[in-house]
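This report introduces a structure to a reader who has not met it before. Please look over the sequence and the three-dimensional view before reading on.

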Amino acid sequence: MSRPEYLAPPEIFYNEEEARKYTHNSRIIEIQEQMCERAVELLALPENQPCYLLDLGCGSGLSGSVLEEQGHVWVGVDISKSMLDVATEREVEGDLLLGDMGQGCPFRAGTFDGAVSISALQWLCNADKTSHKPVKRLYKFFSTLYACLSRSARAVLQFYPENSDQMELLTQQAMKAGFYGGVVVDYPNSTKAKKFFLVLMTGGNMALPKALGTETASTGVSYISRQERLKNIRGKSLKKSRDWILEKKERRRRQGKEVRADSRYTGRKRSGRF
Amino acid sequence: MKLLTHNMLSSKCLKNVNVGYPLSIKVEEMITSVVDFNPEFIARIIPKLEWNALKQAVNEVGKDSCLPNNLIENFENDEDFLKKVHHVLLEIEIVNGCLVCPETGRSFPINNGIPNMLLNEDEV
């Protein structure tokens, strides 16, 4: 499937028909909600406190519903009128605004405790009008977003980067605007479940949160020496060898028996003088 | 649009506008709905509010009697006060009308409860 950004600008692509999909297609709904749940997790909000959040590219308010469930109050901004109409129909609790992220976030300083954005950021990388300059629009977006967040608040933006250049462009502009942070990639080894989250922090440089699905991912081929492999196959070490003695001592120690401490003389042959 | 959102909105994205706050409201149609009262959230949001802007907004929508003139101290424990603020912030909803930038006079129409903050190319 070609990327929707190529087809038309967002305010035209998300027409009534496309907006309908976001209320009827259970697969789209499920994915959006999952991503939003993960984004809120990455926000690291104080526990059991209702927060005031900003949802950028809120669309039909699917992500907003997740925020509501967790007890937060939110404000959504989107460029597509049809999507917002669907959101009003769904009777979401959050307030909605029709606005273009590339023109800046129209809020006064220090308003929000956090910001989330699900699958919207990649739209900003395109120039849909002759007057659009993606780099400039991105900078404007990030700098006004930085301003409207309160101290130590985070912004988590899930997006679908087209290539590594785009990812670099986004991070670079965010850093230029004053943010700390970077991209967290969940399930990097899966084509389908792989998700990119741009985690931006305002209050100083902190370690990025750990990505999901990276536990089993090894960076290279593991290598076991030939000798060790043979040993593993055989199981026990050669009788009367140093290894065998050490293993036996260890076993007896585990059994709670009195065992002499290991030293460099352990398992060494007596000299001929004896 | 709720008055809480209005209290946070500014028109500083417009070219040559420095503060762009507070936006004045022209109401054509508004409704009052019932929203669950969450005292914890209201107590957390009050320090972030611009009280004078809120007073002005309440005045403009014609609900002046709803709110005391000054922010009282120790509001966290005054449930009556929190309920009043809750009503003003979350239950009054502007359905149609417009927001006007205090510096340039540019108006942002509100249709179906959604303010249109889109700018023309020459205004950015």
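What distance separates the centres of domain 1 of chain A and domain 2 of chain A? Taken over C-alpha atoms, the two centres lie 60 Å apart. The model discussed here is a predicted one.

## Chain A: domains and annotation

The domain assignment divides chain A into domain 1, covering residues 4–201, and domain 2, covering residues 223–274. A UniProt annotation, taken from an unreviewed entry, places "domain: Methyltransferase type" on residues 54–129 of chain A. Over residues 54–129, chain A is 22% helix and 26% strand. The C-alpha atoms at the two ends of this stretch are 26 Å apart.

Strand β5 of chain A comprises residues 149–159 and is mostly covered. Of its 11 residues, eight are buried. Strand β4 of chain A, residues 112–118, runs parallel to β5(A), and six bridges join the two. One of the residue pairs involved is A:Val116 with its bridge partner A:Val156 in β5(A).

## Positive phi angles in chain A

Two residues of chain A that are not glycine have a positive phi. For A:Asn48 the value is near 55 degrees, and for A:Lys240 it is about 70 degrees. The table sets out their places and their surroundings.

| Residue | Phi | Place in chain A | C-beta neighbours within 10 Å |
|---|---|---|---|
| A:Asn48 | near 55 degrees | loop between α4 (26–43) and β1 (52–56) | 7 C-beta atoms |
| A:Lys240 | about 70 degrees | loop between α9 (226–234) and α10 (242–254) | 9 C-beta atoms |

Is A:Asn48 buried or exposed? A residue counts as exposed if 12 or fewer other C-beta atoms lie within 10 Å of its own. A:Asn48 has 7 such neighbours and therefore counts as exposed. A:Lys240 is also exposed, because 9 other C-beta atoms lie within 10 Å.

## Chain B: overall form

Chain B contains four helices and four strands. Along the sequence these elements follow the pattern α-β-α-α-α-β-β-β. The C-alpha trace of chain B spans about 50 × 30 × 20 Å along its principal axes. Its radius of gyration is 15 Å, which agrees with the value near 14 Å that a compact globule of 124 residues would have. Of the 124 residues of chain B, 33% count as buried. Among contacts in chain B between residues at least 6 apart in sequence, 68% join residues at least 24 apart.

The strands of chain B form an open sheet of four, in the order β1-β2-β3-β4, with antiparallel pairing. Its edge strands are β1 and β4 (114–115) of chain B, each of which pairs on one side only. Strand β3 of chain B, residues 107–111, pairs with β4(B) in the antiparallel sense over two bridges. Within this part of the sheet, B:Ile110 stands opposite B:Pro115 in β4(B).

## The loop between α1 and β1 of chain B

Which peptide bond is cis? The bond from B:Tyr21 to B:Pro22 has this form, with omega near -10 degrees. B:Pro22 belongs to the loop between α1 (3–8) and β1 (24–32) of chain B.

B:Gly20 also lies in the loop between α1 and β1 of chain B. With 19 other C-beta atoms within 10 Å, B:Gly20 is partly exposed, because a residue needs 20 or more to count as buried. Leaving aside residues up to four places away in sequence, B:Gly20 touches B:Ser10, B:Ser11, B:Lys12, B:Leu14, B:Cys101, B:Pro102 and B:Glu103. B:Gly20 and B:Val100 are 80 residues apart along the chain, and their C-alpha atoms are separated by 9.4 Å.

## The interface between the chains

How many residues of each chain take part in the contact between chain A and chain B? There are 21 from chain A and 25 from chain B. On the side of chain A that touches chain B, β2 (73–78), α6 (81–89) and β3 (95–98) of chain A each supply at least two residues. The largest share, four residues, comes from β3(A). By class, this side of chain A has 10 nonpolar, eight polar and three charged residues.

Methods
Residues are numbered from 1 along each chain as its sequence is written. Chains are lettered from A and ligands numbered from 1 in the order in which they are written. This is a predicted model: local features need pLDDT of at least 70, side-chain atom pairs count only at pLDDT 80 or more; totals for chains, interfaces and linings use all residues. Two residues are in contact if their C-beta atoms, placed from the backbone, lie within 7 Å. Ala, Val, Leu, Ile, Met, Phe, Trp, Tyr, Cys and Pro count as nonpolar, Asp, Glu, Lys and Arg as charged, and the others, Gly among them, as polar. UniProt positions are given in the numbering used here, feature names are shortened, and annotations may be inferred rather than shown by experiment. Domain bounds come from an automatic or database domain assignment. The radius of gyration is taken over C-alpha atoms; the globule rule is 2.2 Å times the number of residues to the power 0.38. Two strands pair if DSSP finds at least two bridges between them.
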